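Colleague: Could you take a close look at a single part of this model and describe what surrounds it? A connected account would suit me better than a list.

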Amino acid sequence: MPLANKKNIYDLGRETVGYLYLAVKTEKAQTIKVAYGEHIDDGNVRYMIDKRNFSLDFETSVGVSEFTECFVKVAGRYFEVFAEDDVEIISIGMLPIIYPVTEKGSNLTGLDKRIYDVSVRTLRLCMGNHYEDCPWREQALYVVDSINQMLCGYYAFEETEFQRESLLLIPKSVREDGLLEIVSPSVNTPAIPFFSLMYPVAVYDYIKYTGDKSVLKEVLPACIRIMENFKNRIDENYLIREFNLPYWNFYEWSKGFVNPPEEGDVDPEVQNYHLILNCSFLYAYERFKKLCEMENVNFDVDTEKMKAAINKEFLNEETGLYYLWKDEEPLYTQLGNAFALLVGLGDERTVKAIKDKEKLVPATLSMAAYVYNALLKFDENEKDYILNDIRENYKYMLDCGATSFWETIKGQQDFENAGSLCHGWSAMPVYYYNLFGMI
């Protein structure tokens, strides 16, 4: 529905979350469409992306019609109005919905302050009824997304109730197989094994930063079911094979990590070992073991045999690098080698390659924290490298006009033009500015 007289695009000035309100005056009853989006593409708000439609329709009467839409929460920076006939836009905007928390603030200056402030705003925009990966596209609670959000929140805000309640919500989506649905709450989704492994890590972080062990009585059973599933899959080679359909063996959005496979894409009789799956199990186990000790629960895994098996299966002894899985052309990534470091494997060559980036597929914003933590585990004096990397990536987004931080560094062009420009997992500078005593 083109506008009868002129194009109506409205800029809210920055990424905003809330309920849309609209007042119009028309000389005839008609349907008015209000599209909402995070950016302008070819002079229009991009609101139709594949099967996704980010717009709302309003039926007007003759004269003045006013709407306050309080059922669908929307997000973005821009509105575009489409009408069948002439229309006068009296007012249009958004009633903001920002979860009420007390910000601790910072004494940073210059670029670091800009990065910190936008990171905190990104966190707040992604706090709805629970943590949301992004307020515009999905508004969904993912374990891996929320780990970053929770960790930053311990430093950015006074309160920790939001972390606790989200941790209680996630295990309500435990499947019959003991793994978690891809998001919570949901049913019958293609569970991501790696994401399930990160749930005990999130619980461990919560207790570490709050001292609140009372949460264990409600969440430890789910953690045990998750870890038992993986322990039972350790085979005679002391490794865990990839999961068959309908599971999604996903780790992050970079080369080598693909969309969910479909029937016919994989041979159910051929299962590879995945480096990150095995390393992340050991990473999660290290933290899960401490949770078990708090409740006098026995749960043991021969981690040394698993580490030896990982070296045997994935290590290129000539280069000191670990590949993702066996292939005709083995793929080496920052994230895979970072997880090897995190569980005590690798050496100086591994560290050097991770920092070099030229030899490895780089990690995306969502996984950068694991890379940074791996470097710090090997050498506590990696502060400068980490800060420089943060400043380079986040200055780029700010220079592009970002008012909240993106899903990936590719911005809206990623995921076939569906990339989110506000994603909670990208607020990690908050954590590192605190970790390095800069706040």
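Modeller: Two strands are taken to pair if DSSP finds at least two bridges between them. The strands themselves are DSSP runs of E with at least two residues, numbered from the N terminus. This is a predicted model, in which local features need pLDDT of at least 70 and side-chain atom pairs count only at pLDDT 80 or more, while totals for chains, interfaces and linings use all residues. Residues are numbered from 1 along each chain as its sequence is written, and side-chain values use heavy atoms, with hydrogens and water left out.

The part I chose is strand β2, residues 31-37. β2 has a partner in strand β9 (residues 74-83); the two run antiparallel and are joined by 6 bridges. Within that pairing, A35 of β2 has E80 of β9 as its bridge partner. β2 also pairs with strand β7 (residues 55-59), again antiparallel, through 5 bridges. There, I32 is matched with F58 of β7.

Next, burial. Of the 7 residues of β2, 7 are buried (under 20% relative accessible area with a 1.4 Å probe, protein chains only). The strand is therefore largely enclosed by the rest of the structure. In a regular strand, side chains alternate between the two faces of the sheet. In β2, T31, K33, A35 and G37 point one way, whereas I32, V34 and Y36 point the other way. Residues of both sets are buried, K33 among them.

How values were computed. Buried < 20%, exposed > 50% of the residue type's maximum accessible area, 1.4 Å probe, protein only. Helix = DSSP H or I, 4+ residues; strand = E, 2+ residues; numbered from the N terminus.
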